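Reader: I am in my first year and would like a close look at a single part of this structure. Please take one helix and explain how it sits among its surroundings.

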Amino acid sequence: MAAFGAITHRFPEIDSTQRAAFQAARTGADEGTLFVAETQTAGRGRHGHAWASPPGAGIYASLLLRPRRPAAALLLLTLASGLAVAEAVEAETGLRADIRWPNDLLLEDKKFCGLLIESAPEPDGLIAVLGFGINLRPAAFPPELTAIATALAVHAARPVAREPLLAAVLAA
């Protein structure tokens, strides 16, 4: 397996990085392939909830995985991914995130990151796609989210750069 993100597909706009990752998986894309968008028109979270993806305001990404464990073990992968994102955020910003299990990261009781893992069987095992959205700037949150959502820029002492944070998440 190549390093996470060694192959990266970038989109100025896409409906969903999750959908793109699944489509690529079904045509043989390598494990660790990353899909990143500047904005998503149909980003989503758990239970079919929408994920607001304002242009340039966050990291909207999906990572293709081919786990060698049963689908029931994917909850552990979600938990480990939450810890990895929290570690990367702290390393890059000094902010210590709270994790609301199994898939939300919070600062001052407001969500700034969501994780979504989805899977599908394939003949040789399992396809899993780990999606993550990290709010960097509070650009244009829909009104219904302003009371529960936040962004790293609201809390960080200095501006948060997208690419170094993305690299830290992939490394963690």
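Author: The part chosen here is helix H1, which lies across E1, E2, E3, E6 and E7 and runs at about 155° to E7. The model is predicted, and what follows should be read with that in mind.

Start with the helix itself. H1 covers residues 17-26, and seven of its 10 residues are buried, so the helix is largely enclosed by the rest of the structure. Buried here means under 20% relative accessible area. The residues concerned are Thr17, Gln18, Ala20, Ala21, Phe22, Ala24 and Ala25. They pack against strands E1 (8-11), E2 (34-37), E3 (58-65), E6 (110-122) and E7 (125-135).

Next, the two ends. At the N-terminal end, Ser16 acts as a cap: one of its side-chain oxygens lies 3.2 Å from the backbone nitrogen of Gln18. After the helix comes Gly28, which has a positive phi, near 95°.

Now the surface that H1 lies across. Its strands belong to an open sheet of seven strands, ordered E1-E2-E3-E7-E6-E5-E4, with mixed pairing. E1 and strand E4 (98-100) stand at the edges with a single partner strand each, so one side of each has no neighbour in the sheet. On average, neighbouring strands of the sheet are turned by 20° against each other, direction ignored. Within the sheet, E3 and E7 are paired in the antiparallel sense over eight bridges. Leu65 has its bridge partner, Ala128, in E7. Helix H4 also packs on the sheet, where it touches E1, E2, E3 and E7, and its direction makes about 30° with that of E3.

Finally, the nonpolar residues. In soluble globular proteins, nonpolar side chains tend to be buried together. The largest nonpolar core in this model has 33 residues, and those with the most contacts inside it are Phe112, Ile134, Leu152 and Leu165. The elements giving two or more residues to this core are E2, E3, helix H2 (74-93), strand E5 (104-107), E6, E7 and helix H4 (162-171). A second, separate core has 13 residues, including Ala24, Ala25, Leu64 and Ala120. Ala24 and Ala25 are among the buried residues of H1, and this second core is where both of them belong.

Notes: Residues are numbered from 1 along each chain as its sequence is written. This is a predicted model: local features need pLDDT of at least 70, side-chain atom pairs count only at pLDDT 80 or more; totals for chains, interfaces and linings use all residues. Side-chain values use heavy atoms; hydrogens and water are left out. Buried means under 20% relative accessible area, exposed over 50%, partly exposed in between (1.4 Å probe, protein chains only). Helices (H or I, at least four residues) and strands (E, at least two) are DSSP runs, numbered from the N terminus. Contact means heavy atoms within 4.5 Å. A polar contact is a pair of N or O atoms within 3.5 Å; within protein, one must be able to donate a hydrogen and the other to accept it, and residues adjacent in sequence count only if both atoms are side-chain atoms. A nonpolar core is a set of buried Ala, Val, Leu, Ile, Met, Phe, Trp, Tyr and Cys residues joined through side-chain atoms within 4.5 Å. Two strands pair if DSSP finds at least two bridges between them. Axes are lines fitted to C-alpha atoms, for helices over the stretch in contact, and angles run from 0 to 180 degrees between N-to-C directions.
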